[in-house]
There are 2 protein chains.
Amino acid sequence: MVTIKDVAKHARVSVATVSRVLNNNGYVGAETRKKVMTAIEELNYSPNEVARSLYKRGSRLIGLLLPDITNPFFPQLARGVEDEAGRHGFRVLLGNSDEDIEKEMDYIQTFVQNNVVGMITATNHVDYDMYQSLDLPLVLLDRTSSSYPAVYADGREGGRLAAETLIKKGAQRVTLVKGPAHVKPAVDRYRGAVEVLGEADVDFSVMSTTSYAFEEALNWAEELFKKFPETDGIIASNDIVGIAIIHEALKRGKNIPEELQIIGYDDIPQSRLSYPPLTTIRQPAYEMGRRAAELLIQRIGQPQQEHRSIQMPVELIERHTTRKDDQE
Amino acid sequence: MVTIKDVAKHARVSVATVSRVLNNNGYVGAETRKKVMTAIEELNYSPNEVARSLYKRGSRLIGLLLPDITNPFFPQLARGVEDEAGRHGFRVLLGNSDEDIEKEMDYIQTFVQNNVVGMITATNHVDYDMYQSLDLPLVLLDRTSSSYPAVYADGREGGRLAAETLIKKGAQRVTLVKGPAHVKPAVDRYRGAVEVLGEADVDFSVMSTTSYAFEEALNWAEELFKKFPETDGIIASNDIVGIAIIHEALKRGKNIPEELQIIGYDDIPQSRLSYPPLTTIRQPAYEMGRRAAELLIQRIGQPQQEHRSIQMPVELIERHTTRKDDQE
DNA sequence: CTGCATTGTGTAACCGGTTACATAGAACAT
DNA sequence: ATGTTCTATGTAACCGGTTACACAATGCAG
């Protein structure tokens, strides 16, 4: 490994001078600068980030904690933060918590041990000691809290929008699929939907599910049709179960959207690929990730700043699992 | 931040002693050990990984370079390596190359700057200087090379298997979708399929595509049916375009699998969710990631070892876009 | 010509760990 | 009793950077 000392020796200057040209601070003579530059070139030197980080007490790393990148909603968030972070010279240390506190704490410890300069986390547990005692810039992503800045989409509004849409399009017996109770955004959108359904002139039932896992999505769908065979409008807890429901409905010979309307949540990329393509409530995932990184980097610059949260708009993406306007 | 010095002071011993109890090496008296342990507890101390890494010239980080975690095949690889790495106390620094050499080189630099102890990479460019001059344990994932150990699935065999299956099930006019030319595994499976199709008594045509992106998948599908409306068997370049093809076929009123059979590649989780569920060639992605991490960690232990590659089996997953055996 | 500010460069302390080496007491062998 | 080995602990060098500080040369004002 070629170190700053090698460069210094090669250029016949001190390490301090090399460091100064690297960081472009302090005084360096034009002549000297050139010598150093060539030495760096010739030795193909690149500074050790670890050493720098030790002295500076801060790396160029950002910790990113997500529930599970295997769920197609999250890779988009991740790319958003990664791309924006990269644009500012930061890199991402990624952790999947699987919504498990143990893992979450482990990762946070790792982040701290590696001197990350900030953290972005999609957690339901900001109120734990672990976070409280952290004195790092921190931004919540896809989650909210009164104590930290956050970037999130309005789940309640999303839930309302889904329910309103279904009602407006003439669904009479709505089934609302409720996501896992320990996942905050899932309950937000559930509540939003219930608010609207409760006020409207429709029958509705709720089916609870306990996970978003692919493997179980088809089971939820099957269970749903067993319990509520007469339903003519389904609000899925997310696009995955939405797509699973399309599958199951088609299997049972239901006509979509004439007999049965379905509306998903998230607008993951594959929801336009289903047939019929899934109507859904879009969360701008990539953009959310990007904004979170932006916010974090801003706070790394001025940590004192009072915190600002960003609520992103949700949006109805009308595809073909809902009817063309069926005004009452 | 609480450092080893604070602990030492608090326990009235030297930093060396604290370090010795932390690492469980050297001699430490029972009494002293206890004192140190309590001090650690009381101060809630956890050692700074950066400092350790500097001295040891090696962190507990592994660099993982993937094309794009937004493509659902890769998150599974990523989880495989992450989980296995975690089991051995390693963490993952993730980079998305987008199959772009610039980005790839940037990430590699970041990895070495951060003293990663090893790298796992899905690259088509192992032969570049960047890699040659690297003296880190390195394993290829989902790619091959004669110079490095690799974990990959047999693409040629997968292509053959897909073609054989379609032929055996009675397809007469096969369309083979060829993936991007610069992605190695894509051309392997293409070649495998061509081998079999060339020998068989069927007509076949090839349609070239230049990306795996979601946004374009439907366009490829549309183009395919325009160019080859009479096809009765399609080998998709991966499951995403497979699913897009199902969509387009259904839209055009084709009966699947009676009129048209489709076979995908990868077995991403969502391919069982399509309707009809997609028959596909499975690559054991999670397991591949896991094995790659395993292999890498092994090599970190004994770097001299001559390198072993692991070829994982591909497997036909018969779902409902192919017919129940239609023996000739 | 003198004094002060500006420019250029080097020396060494520092970041927070690990470990080689020194030192000393205890245990054991002869 | 003495030498040797084992156990226990501390001191200080080291990892590869950054930067405070010291010092010298130069420029410029008065």
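Here is a short chat about how chain A and chain B meet in this predicted model.

Colleague: Let's start with the pair R79(A) and D68(B): what makes this a salt bridge?

Modeller: The test asks for a side-chain nitrogen of Lys or Arg within 4 Å of a carboxyl oxygen of Asp or Glu. In R79(A) and D68(B) the N to O distance is 2.7 Å, so the pair qualifies as a salt bridge. Between chain A and chain B the count is four salt bridges.

Colleague: And how many residue pairs are in polar contact between the two chains?

Modeller: There are 22 such pairs between chain A and chain B, with both residues at pLDDT 80 or more. On chain A, the elements that each supply at least two residues to the side touching chain B are α4 (49–56), α5 (73–87), β2 (91–96), α6 (101–113), α10 (214–227) and α11 (239–251). That side of chain A has 25 nonpolar, 15 polar and 11 charged residues.

Colleague: What area is buried between chain A and chain B?

Modeller: About 4,500 Å², with carbon and sulfur atoms giving 60% of it. The contact draws 51 residues from chain A and 50 residues from chain B.

Colleague: How do you know that the two copies are related as by a two-fold rotation axis?

Modeller: Chain A superposes on chain B with an RMSD of 0.1 Å after a rotation of 180° and 0.0 Å of shift along the axis. The two copies are therefore related as by a two-fold rotation axis. The same surface serves both copies, since 98% of the contact residues of chain A recur in chain B. If you want to find the axis, look at L93(A): of the residues of chain A, its C-alpha comes closest, at 2.5 Å.

Colleague: Good tip! Now the backbone: which peptide bond ending at P276(A) is cis?

Modeller: The one joining Y275(A) and P276(A), where omega is about -5°. P276(A) lies in the loop between β9 (261–266) and β10 (279–282) of chain A. In chain B, the bond from I256(B) to P257(B) is cis too, with omega near 5°. P257(B) sits in the loop between α11 (239–251) and β9 (261–266) of chain B.

Colleague: What makes N24(B) worth a look?

Modeller: Most residues other than glycine have a negative phi. N24(B) is a residue other than glycine, yet its phi is positive, near 55°. You will find N24(B) in the loop between α2 (15–23) and α3 (30–43) of chain B.

Definitions and conventions:
Residues numbered from 1 in each chain as written. Chains lettered and ligands numbered in written order. Predicted model: local features only at pLDDT ≥ 70, side-chain atom pairs only at ≥ 80, totals over all residues. Heavy atoms only, no water. Contact = heavy atoms within 4.5 Å. Buried area = accessible area lost by both parts, 1.4 Å probe. Polar contact = N/O pair within 3.5 Å; in protein donor to acceptor, adjacent residues only side chain to side chain. Helix = DSSP H or I, 4+ residues; strand = E, 2+ residues; numbered from the N terminus. Nonpolar A, V, L, I, M, F, W, Y, C, P; charged D, E, K, R; others polar. Least-squares fit on C-alpha atoms with pLDDT ≥ 70 in both.
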